[in-house]
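Let's take a walk through this fold together, starting with the overall layout and then moving inside and back out to the surface.

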Amino acid sequence: MAVRSKSTIFQSVLLRCGESEASQGSAIWRAMEVNYDEIVRVAFEEGDGAFPFGRKYLTLTSRADGDFGFADKFTLPHGVFHIAEVYLDGCSASELQEAWEIDATENVLLVNANKREVKVRAVVEGLEHTWSGLFTQVIQKRLEAVVKGVQEEEAEAAAKDQDADFLLMKSGVKASKNRSNRRVLPKGGRLVNARFTRSSRSTRRR
């Protein structure tokens, strides 16, 4: 069995929609390419931190003067879908009560770094093999809706999107249950429940 990847997901979508696997480079393939990043990004955003897979820690070094009241901005590497948390000198921004935003139009992180090392916990391309099967189905259904739109089958496209909505809700509930079962007990034995807050200057607000 082939390891799950962006390419194998695309091929699965093509077969489900009655298209040839050899359609790479076609209008349908290009439509999936254009929409893929945003589809994955929105799915992770709507999960609101429930999905633990697809993540990697990255150090940001390309600093410039910030905008919108932030002192610094850092360019995000290519292939970053979503930022789950920001760390300043190893401490999470939420614990430090430091605000941060993602400017999706420029693909940058806005934060007051104050010369501290900046790392992010990011969902990145290339780790599709770590996704759950249920979450993968969400992305496939969204892409099938894109294909059906290209094929001018609008009713089918709408039905695929509805299927994706249901699967996303189901996968989010399952992921949340799995996460709640992993109790974290710090010194003193008290259960800690933390909800990280963050914001995004993009088409969707976190």
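Here is a short tour, from the chain as a whole down to a few individual residues.

First, a caveat: this is a predicted model. The protein chain contains five helices and eight strands. Reading from the N terminus, the elements come in the order α-α-β-β-β-β-β-α-β-β-β-α-α. If you look at contacts with a separation of 6 or more, 70% of them in the protein chain join residues 24 or more positions apart. Of the 206 residues in the protein chain, 42% are buried. As for the outside, the accessible surface of the protein chain is about 11500 Å², and carbon and sulfur atoms hold 50% of that.

Now for the interior. In soluble globular proteins, nonpolar side chains tend to be buried together. The largest nonpolar core here has 28 residues, and the members that touch the most others are M32, Y36, F44, W131, F135, I139 and L143. Who builds this core? At least two residues each come from α1 (6-16), α2 (27-47), α4 (133-150) and α5 (154-180). The top contributor is α2, which puts in nine residues.

F135 is a good place to stop and look around. Leaving aside residues up to four places away in sequence, F135 is in touch with A43, F44, F51, F53 and S171. Apart from this core there is another one, made of 19 residues, with V111, A113, V118 and V124 among them.

Next, try K6, which sits in helix α1. Is this lysine buried or exposed? K6 has a relative accessibility of 16%, so it counts as buried, the cut-off being under 20%. What does the K6 side chain pair up with? There is a polar contact between the side chains of K6 and E33, at 2.8 Å. Setting aside residues up to four places away in sequence, the neighbors that K6 touches are E33, Y36, E125 and E128. Y36 also turned up earlier, in the list of core residues that touch the most other members.

Finally, back out to the surface. F166, M169 and V173 make a nonpolar surface patch of about 310 Å². Take V173, which is found in helix α5. V173 counts as partly exposed because its relative accessibility is 43%, and that class lies between 20% and 50%. Helix α5, remember, is also one of the helices that supply at least two residues to the largest core.

How values were computed
Residues numbered from 1 in each chain as written. Predicted model: local features only at pLDDT ≥ 70, side-chain atom pairs only at ≥ 80, totals over all residues. Heavy atoms only, no water. Core = buried A, V, L, I, M, F, W, Y, C linked by side-chain atoms within 4.5 Å. Buried < 20%, exposed > 50% of the residue type's maximum accessible area, 1.4 Å probe, protein only. Helix = DSSP H or I, 4+ residues; strand = E, 2+ residues; numbered from the N terminus. Contact = heavy atoms within 4.5 Å. Patch = residues over 30% accessible without salt bridge, like charges linked within 9 Å, V, L, I, M, F, W, Y side chains within 5 Å. Areas by Shrake-Rupley, 256 points an atom, 1.4 Å probe, with all protein chains shown as cover. Salt bridge = Lys/Arg side-chain N within 4 Å of Asp/Glu carboxyl O. Polar contact = N/O pair within 3.5 Å; in protein donor to acceptor, adjacent residues only side chain to side chain.
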